[in-house]
Amino acid sequence: MALSSVADYRRAAKRFLPDFAFSYLEGGAEDEVTMRRNRAAFERVTLAPRVLVDVTSVNTGVTLAGSDAAWPAVVGPTGLNGLYRREAEETLARSANAAGLPFVLSTASTSLLEDVRRASDGDLWLQLYVQQDRRIAEDMMARARAAGFSTLLLTVDTPVTGQRDHYARTGFTLPLRWSPTLLWDIATHPRWTAMVGVHGVPELVNLARSARLGPGIEAQAAALSRQMDTSLNWSDLAWVRRHWPGKVLVKGIQTAADAVNASRHDVDGVVLSNHGGRQLDGAPSSLEILVDTVSATPDEFIVLIDGGIRRGSDIAKAVALGADGVLLGRAPLYGLAADGSRGVGDVLSMLKKELEICMRLLGCPDIGSLDASYIASLRDPYVRHALSEAADLTEKLL
């Protein structure tokens with residue numbers, strides 16, 4: 001059956017994966033209000049197309065964190081991807097490079113960053129969690145620098161793991177604890193079992209190397225979650241800067257005020273993110289705080305967003321409202337789970353094609369010209385209020 005959208009790949013991924021693995025990919029925190037809000041925010045934005053514009057050629061190329069990108073997107077960091085396919089991060093990195101995009105490797109990756117670098121000569125970024133023993137993060141940054149990673153994404157929205165009810169519903173734990181439900185789940189997904197499950201539970205090998213841990217997912221998972229540094233604060237950005245000379249973006253910003261604070265602490269930009277709705281349920285969507293954030297921060301300050309991007313038109317909406325680009329999280333993973341490398345490549349190709357179609361239909365042949373004048377819903381009371389408040393917020397914060 002031909003797959004024609006990210007939604008089609010999501011359904012194919014659900015068929016391939018056991019329930020516990022798909023739930024880990026798809027699930028959000030608590031009642032998943034924030035996860036649904038991420039999509040709803042894009043759906044409420046209405047576009048304002050121009051007609052009788054020459055759109056014979058369309059330019060989607062941008063610069064993201066000093067790196068050229070074929071279109072305004074980054075294949076974002078996601079953890080435990082070995083649940084979906086073997087050598088998942090290598091596959092994602094190669095596919096991102098083929099699409100002309102940077103790839104962000106998660107601290108919770110199931111492939112070594114050195115192996116990912118050997119698999120791809122593309123632009124690689126590192127997403128960093130900070131544990132209580134900061135030597136782990138320092139070692140990971142040093143390894144990434146040695147491997148030629150260009151940009152650091154410091155994630156700051158996970159002092160603890162959000163309450164994820166779906167773990168209990170599907171019996172997902174690290175390490176896996178065998179139960180009749182779990183055994184039946186695996187037995188009824190023979191293709192996944194033969195291609196992935198037979199090799200055992202993937203391990204957090206990247207973290208394990210920097211933490212000097214041996215084999216065994218239990219100790220690795222503990223290092224990732226229970227041993228997170230809950231004392232991390234704004235002054236610690238100076239510590240990050242001492243260990244990372246390249247671009248630094250703070251990921252997990254959920255208010256314009258925090259974005260302004262970040263701009264005052266010698267970082268290059270932020271990623272507006274609620275962790276895909278997996279942390280604080282009830283947090284705002286990134287799109288909802290985008291206008292205020294862009295208005296309140298310096299022009300050269302990088303602002304990326306993630307959460308709920310499923311169509312090329314979503315990327316166009318984000319750029320029109322001021323984002324420099326977007327991070328793609330679940331969408332490439334649907335492709336990865338459904339059809340490996342070919343699936344990831346197809347999802348990325350779909351999104352780029354949809355973006356180009358959207359730009360042609362908008363009458364905007366150059367992504368650099370895509371701005372708020374192409375958003376009809378700026379007349380929406382919610383969006384109009386956000387814009388009117390932005391000037392006051394800028395004056396107050398700056």
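**Entry 1: getting started**

When I write "helix 2", I mean a DSSP run of H or I with at least four residues, numbered from the N terminus. Strands are DSSP runs too, of E and at least two residues. The model I'm looking at is a predicted one.

**Entry 2: the binding site in the record**

I started with the UniProt entry, which is unreviewed. It puts the feature "binding site" at Tyr24, Tyr129, Arg164, His275 and Arg278. Then I checked these against the largest pocket, and its lining takes in Tyr24, Tyr129, Arg164, His275 and Arg278 from that set. I picked the two tyrosines to follow up.

**Entry 3: Tyr24**

I found Tyr24 in helix 2, which covers residues 19-26. Is Tyr24 buried or exposed? It has a relative accessible area of 13%, and buried means under 20%, so Tyr24 is buried. I then listed what it touches, leaving aside neighbours within four places in sequence. Tyr24 is in contact with Gly79, Leu80, Leu83 and Tyr84, and also with His166, Tyr167, Phe172 and Arg278. Arg278 I had already noted, as another position of the UniProt "binding site".

**Entry 4: Tyr129**

Tyr129 is in a loop, the one between strand 5 (124-128) and helix 6 (134-146). Its relative accessibility is 12%, so Tyr129 counts as buried as well. Not counting residues up to four places away in sequence, Tyr129 touches Ser106, Thr107, Ala137, Thr155, Thr158, Leu224, Met228 and His275. His275 is on the UniProt list too.

**Entry 5: the largest pocket**

How much space lies in the largest pocket? I noted about 1100 Å³. Its lining has 50 residues, and the closest to the centre are Tyr24, Arg164, Tyr167, His275 and Arg278. I also wanted to know which elements give two or more residues to this lining: they are helix 2, helix 11 (217-224), strand 10 (325-328) and helix 16 (330-362). Helix 11 has the largest share, with four residues. Sorted by class, the lining of the largest pocket has 22 nonpolar, 19 polar and nine charged residues.

**Entry 6: the second largest pocket**

I went on to the second largest pocket, with a volume of about 390 Å³. It is lined by 23 residues, and Asp299, Phe301, Gly322, Ala323 and Asp324 are the closest to its centre. Strand 1 (62-64) and strand 9 (302-306) each supply at least two residues of this lining. The largest share is three residues, from strand 1. By class I wrote down 13 nonpolar, five polar and five charged residues for the second largest pocket.

**Entry 7: helix 11**

Since helix 11 came up with the largest pocket, I went back to it. It is mostly covered, with six of its eight residues buried. Those six are Ile217, Gln220, Ala221, Ala222, Ala223 and Leu224. Leu224 was on my contact list for Tyr129. What covers the buried residues of helix 11 includes helix 10 (205-211).

**Entry 8: helix 4**

How many of the residues of helix 4 (88-98) are buried? I got eight of 11, so this helix is mostly covered. The buried ones are Ala88, Glu89, Glu90, Thr91, Leu92, Ala93, Ser95 and Ala96. They pack against strand 3 (73-75), strand 4 (103-105), helix 5 (113-119), strand 5 and helix 16. Strand 5 I had met before, at one end of the loop with Tyr129. After helix 4 comes Gly100, and I noted its positive phi, near 80°.

**Entry 9: Asn38**

Next I looked up Asn38, in helix 3 (residues 33-43). At 2% relative accessibility, Asn38 is buried. Its side chain makes a polar contact of 2.8 Å with the side chain of Asn274. Leaving aside neighbours within four places in sequence, Asn38 is in contact with Asn274, Gly276, Gly277, Ser285, Ser286, Gly307 and Gly308.

**Entry 10: Lys247**

My last stop was Lys247, in strand 7 (residues 247-253). Lys247 has a relative accessible area of 31%; that lies between the 20% cut-off for buried and the 50% cut-off for exposed, so Lys247 is partly exposed. Not counting residues up to four places away in sequence, it touches Ala65, Gly66, Ser150, Thr151, Leu152 and Asp268. I also checked Lys247 against Leu92: they are 155 residues apart along the chain, and their C-alpha atoms are separated by 22 Å. Leu92 is one of the buried residues of helix 4.

Technical notes
Residues are numbered from 1 along each chain as its sequence is written. This is a predicted model: local features need pLDDT of at least 70, side-chain atom pairs count only at pLDDT 80 or more; totals for chains, interfaces and linings use all residues. Side-chain values use heavy atoms; hydrogens and water are left out. UniProt positions are given in the numbering used here, feature names are shortened, and annotations may be inferred rather than shown by experiment. On a 1 Å grid over the protein atoms alone, a cavity is a set of points where a 1.4 Å probe fits but cannot get out, and a pocket is an open set with protein on both sides within 12 Å along at least five of seven lines; lining residues have an atom within 4 Å of a point. Buried means under 20% relative accessible area, exposed over 50%, partly exposed in between (1.4 Å probe, protein chains only). Contact means heavy atoms within 4.5 Å. Grid points are joined across faces, edges and corners, and a volume is the space filled by probe spheres set on the points. Ala, Val, Leu, Ile, Met, Phe, Trp, Tyr, Cys and Pro count as nonpolar, Asp, Glu, Lys and Arg as charged, and the others, Gly among them, as polar. A polar contact is a pair of N or O atoms within 3.5 Å; within protein, one must be able to donate a hydrogen and the other to accept it, and residues adjacent in sequence count only if both atoms are side-chain atoms.
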